[in-house]
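I set aside some bench time today to page through this structure and jot down what I looked up. Here are my notes, in the order I made them.

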Amino acid sequence: MVATLMLGASASARAQGVRPYTVVGDAIPASLTGAPGDPERGLKIVTNRQVGLCLLCHSGPYPEERFQGTMAPTLAGAGTRWSEGQLRLRMVDAARISPETIMPPYYRVDGLTRVAPGFRGKTILTAEQIEDVVAYLKTLKN
Amino acid sequence: MEKRLRLVAPALAIVLAAIASLAFAEIPLSQRRSGYEQMSREVKAMQDDDTSNPASLSVLDGEALWTRREGSAQKSCADCHHDAETSMRGVSARYPAFDAAKRRPLDIEQRINLCRTEKQQATPLPFESRDLLALTAYLGKQSRGMPIAVISDDDTKPFIEAGRQIYARRQGQLNLSCQNCHDDNAGQKLAGVELPQGHPTGYPLYRLEWQSLGSLQRRLRNCLFGMRAEPYAYGADEYVDLELFLMWRARGMTVETPAVRP
């Protein structure tokens, strides 16, 4: 009851829970939503420090962003290095590729410890947001 | 400790300990650096000069509290311990310390409150209250410049290990451990901030971002919020075990209390 109210209030796709997906090799070839994402929205998510959090750890081709992390490789060229499906799996659950990675599992809710109450049972990004970010990362060619 | 073992299935505890010791890439003693060394010249100067250090006011408050009679016993700290500059020299440097009656380590805040309840017959001071911060700052000041002297022995070792496991454990929605940031990535930048090695050398300290004095537990809470992990309740055993582990990890480093951080 309380959960329904909270989720309803945030009007978020998170209410739908984690959608099933299929991993093939080191990739998730199919879109989580069945539809392609929007690269412009993806860019906004990636550079938003409260939503994507990406620039806490990564740098990228954003000369106007003053504070970028150095804990992870640059996002520049990600779309050359990886296919769409590979990018999707790295976003959804990078630990499936390297178990020790610090890249957060953006679309996983199980196997986590002591998640703060406000975030419990929720993925970091929604399926739609993951698709937007993947669509954006694909445009990062070098 | 008994309670802890009953809660965690022993087999699981062994597996966790094995994982923690395998994955643990400890910073060599000679390469440890206080967060102080990463600060700008201005902030260092602020910490070094008592007249510009914003925590000095709390130290003065603490000095006044030291001699104030409290509780139904109407005794002050000074009635039992006399001159803090001699009796309290080096004390904070060896806390958290094992308490035989409680059969577990207590941090300096808990030790102060034990004196209040048992010797002064007064109510305990709330965590992060002005008075408790002032007293811990005043006591910490008596160890300023001395080496951290927490030891690992039969009594403290199980609690240091418990703290180490919390430190090494992935937590929160972002699935990070303390170790990920403070050992594996110390010196790297998290957005614009250079990650410190996470040494507890200066607490309680004045943080410019907080615009106030804060305890080590407040700092740990901040890190847990950043990880989107559920913080422990102030005073929880887990925090004290973490504090003990951090102090042991910083053994021999210099007490800076009351420090300043950005």
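**Entry 1: a buried glycine.** I began with B:Gly90 and asked which residues it touches beyond its neighbours within four places in sequence. I found B:Gln142, B:Ser143 and B:Met146. A reminder to myself: this is a predicted model. B:Gly90 sits in the loop between H6 and strand E1 (97-99) of chain B. For B:Gly90 and B:Gln142, I read a C-alpha to C-alpha distance of 6.6 Å, although 52 residues separate them in sequence. Is B:Gly90 buried or exposed? Its relative accessible area is 11%, so B:Gly90 is buried, given that the cut-off is under 20%.

**Entry 2: an exposed proline.** Next I went to B:Pro262, in the segment after E7 of chain B. B:Pro262 counts as exposed because its relative accessibility is 53% and the cut-off is over 50%. Setting aside residues up to four places away in sequence, I listed B:Met39, B:Arg207, B:Leu208 and B:Glu209 as its contacts. I also checked B:Ala186, 76 residues from B:Pro262 along the chain, and got 17 Å between the C-alpha atoms.

**Entry 3: the sheet.** B:Arg207 led me to a sheet in chain B, since its bridge partner in E6(B) is B:Ser212. What is the strand order of this open sheet? I read E6-E5-E7, three strands with mixed pairing. Strand E5 (residues 205-207) of chain B runs antiparallel to E6(B), and 3 bridges join the two. H11(B) packs on the sheet, where I saw it touching E5 and E6 of chain B. The direction of H11(B) makes about 90 degrees with that of E6(B).

**Entry 4: two crossing helices.** I then looked at helix H7 (residues 108-119) of chain B and its crossing with H8(B): their axes come within 10 Å, at roughly 110 degrees. H7(B) and H8(B) are therefore roughly perpendicular to each other, as the range for that label is 65 to 115 degrees. From H7(B), the contact uses B:Ile108, B:Glu109, B:Ile112 and B:Asn113. From H8(B), I noted B:Leu132, B:Leu135, B:Thr136 and B:Leu139. Sorted by class, this contact has 5 nonpolar, 2 polar and 1 charged residues.

**Entry 5: helix H4 of chain B.** Which residues are buried in H4 (residues 56-66) of chain B? I wrote down B:Ser56, B:Ser58, B:Val59, B:Gly62, B:Leu65 and B:Trp66. I found these buried residues packing against helix H5 (77-81), helix H6 (84-87), helix H8 (130-141) and strand E6 (212-214) of chain B.

**Entry 6: the cores.** Last, I turned to the largest nonpolar core, which has 61 residues. A:Met91, A:Ile130 and A:Leu137 touch the most other members. Both chains feed this core: among the elements giving two or more residues are helix H5 (84-93) and helix H6 (127-138) of chain A, and helix H9 (157-168) and helix H12 (237-249) of chain B. H12(B) gives the largest share, 7 residues. I followed A:Leu137 beyond its neighbours within four places in sequence and found contacts with A:Leu75, A:Ala78, A:Gly79, A:Leu87 and A:Met91. There is also a second, separate core of 23 residues, including B:Ala55, B:Val59, B:Leu65 and B:Ala134. I had already met B:Val59 and B:Leu65 as buried residues of H4(B).

Conventions: Residues are numbered from 1 along each chain as its sequence is written. Chains are lettered from A and ligands numbered from 1 in the order in which they are written. This is a predicted model: local features need pLDDT of at least 70, side-chain atom pairs count only at pLDDT 80 or more; totals for chains, interfaces and linings use all residues. Side-chain values use heavy atoms; hydrogens and water are left out. A nonpolar core is a set of buried Ala, Val, Leu, Ile, Met, Phe, Trp, Tyr and Cys residues joined through side-chain atoms within 4.5 Å. Buried means under 20% relative accessible area, exposed over 50%, partly exposed in between (1.4 Å probe, protein chains only). Helices (H or I, at least four residues) and strands (E, at least two) are DSSP runs, numbered from the N terminus. Contact means heavy atoms within 4.5 Å. Two strands pair if DSSP finds at least two bridges between them. Axes are lines fitted to C-alpha atoms, for helices over the stretch in contact, and angles run from 0 to 180 degrees between N-to-C directions. Angles under 35 degrees count as roughly parallel, over 145 as roughly antiparallel, 65 to 115 as roughly perpendicular and the rest as oblique. Ala, Val, Leu, Ile, Met, Phe, Trp, Tyr, Cys and Pro count as nonpolar, Asp, Glu, Lys and Arg as charged, and the others, Gly among them, as polar.
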